[in-house]
Amino acid sequence: METIQKMFEHLHWANERILDTLQKIEGENNGALRLFSHILLTEKLWFTRLQGLDSSHIAIWEDVHIDACAELAKQNEQSITSFLKNLTNRDLDNIVTYRNSKGIEFQNTLREILTHVALHGHYHRGQINLRLRSERHEPVNVDFITFVR
């Protein structure tokens, strides 16, 4: 559970760093903002599912204004922190049944889902950094090793 907890602490830290950079260059890189909003909407979608709620209303590729991204990042951090607070190592092996965006039912362990959510954002933050560099902006250091220092 400690590793999962640390992964999500890093996720929140990395999201804040990306958010800060995108706020400074607002309007200059809509592709990066779209990727960032996708990260946040996907986090919301998965934690909605993990609460046993219907996630079919959550579109994960929406254009979201930077101010709404800031609020969503804050809400996600609160939701995730609250969800993780009472979990034990045994809970991580629990099976979660959910429906994807097409209504197809799937089952995964809680550990698999939490790992997926944490890693999903890393992938897209890399894409954001590539876009930032192509627009002559400094990429954001969101490396885990930097976080733990």
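Select Tyr 98 to begin, and look across to the neighbouring strand, where Phe 106 of β2 stands opposite Tyr 98; keep in mind throughout that this is a predicted model. Now show the whole of β1 together with β2, which covers residues 105–109, and you will find the two strands paired in the antiparallel sense over 5 bridges. The hairpin that they form has 5 residues between the strands, and if you select Gly 103 there, you come to a residue with a positive phi near 85 degrees.

Stay with β1 for a moment and colour its two faces separately. Val 96 and Tyr 98 make up the covered face, whereas Ile 95, Thr 97 and Arg 99 belong to the uncovered one.

From Val 96, move to Leu 50, which is in contact with Val 96 and also, leaving aside neighbours within four places in sequence, with Phe 83, Leu 110, Ile 113 and Leu 114. Leu 50 is also a good way into the largest nonpolar core, a set of 22 residues in which Phe 8, Phe 47, Leu 50, Leu 84, Leu 87 and Leu 114 touch the most other members. To see where this core comes from, select α1 (2–24), α2 (30–50), α3 (66–85), β1 (95–99) and α4 (110–134), since these are the elements that give two or more residues to it. The largest share, 5 residues, comes from α4. There is also a second, separate core of 21 residues, and to locate it you can select Ala 32, Val 64, Ile 66 and Val 142, which are among its members.

Next, go to helix α1 and pick out Asn 15. Is Asn 15 buried or exposed? Because its relative accessibility is 3%, and buried means under 20%, Asn 15 counts as buried. Show what surrounds this side chain and, setting aside neighbours within four places in sequence, you will find Asn 15 in contact with Phe 36, Ile 39, Leu 40, Glu 43 and Arg 125.

Now follow the chain to the loop between α4 and α5, and select Arg 136 there. Arg 136 has a positive phi of about 65 degrees although it is not a glycine. With a relative accessible area of 79%, Arg 136 is exposed, so it offers a contrast to Asn 15, which is buried.

The last stop is helix α5, residues 144–148, in which you can select Ile 145. Add Phe 144 and Val 148 to the selection and switch on the surface, and you will see that these three residues make a nonpolar surface patch of about 260 Å².

Terms used. Residues are numbered from 1 along each chain as its sequence is written. This is a predicted model: local features need pLDDT of at least 70, side-chain atom pairs count only at pLDDT 80 or more; totals for chains, interfaces and linings use all residues. Side-chain values use heavy atoms; hydrogens and water are left out. Patches are made of residues with over 30% relative accessible area and no salt bridge: like charges are joined within 9 Å, nonpolar side chains (Val, Leu, Ile, Met, Phe, Trp, Tyr) within 5 Å. Accessible areas come from the Shrake-Rupley method with a 1.4 Å probe; for residues, only the protein chains shown count as cover. A salt bridge is a side-chain nitrogen of Lys or Arg within 4 Å of a carboxyl oxygen of Asp or Glu. Helices (H or I, at least four residues) and strands (E, at least two) are DSSP runs, numbered from the N terminus. A nonpolar core is a set of buried Ala, Val, Leu, Ile, Met, Phe, Trp, Tyr and Cys residues joined through side-chain atoms within 4.5 Å. Buried means under 20% relative accessible area, exposed over 50%, partly exposed in between (1.4 Å probe, protein chains only). Contact means heavy atoms within 4.5 Å. Two strands pair if DSSP finds at least two bridges between them.
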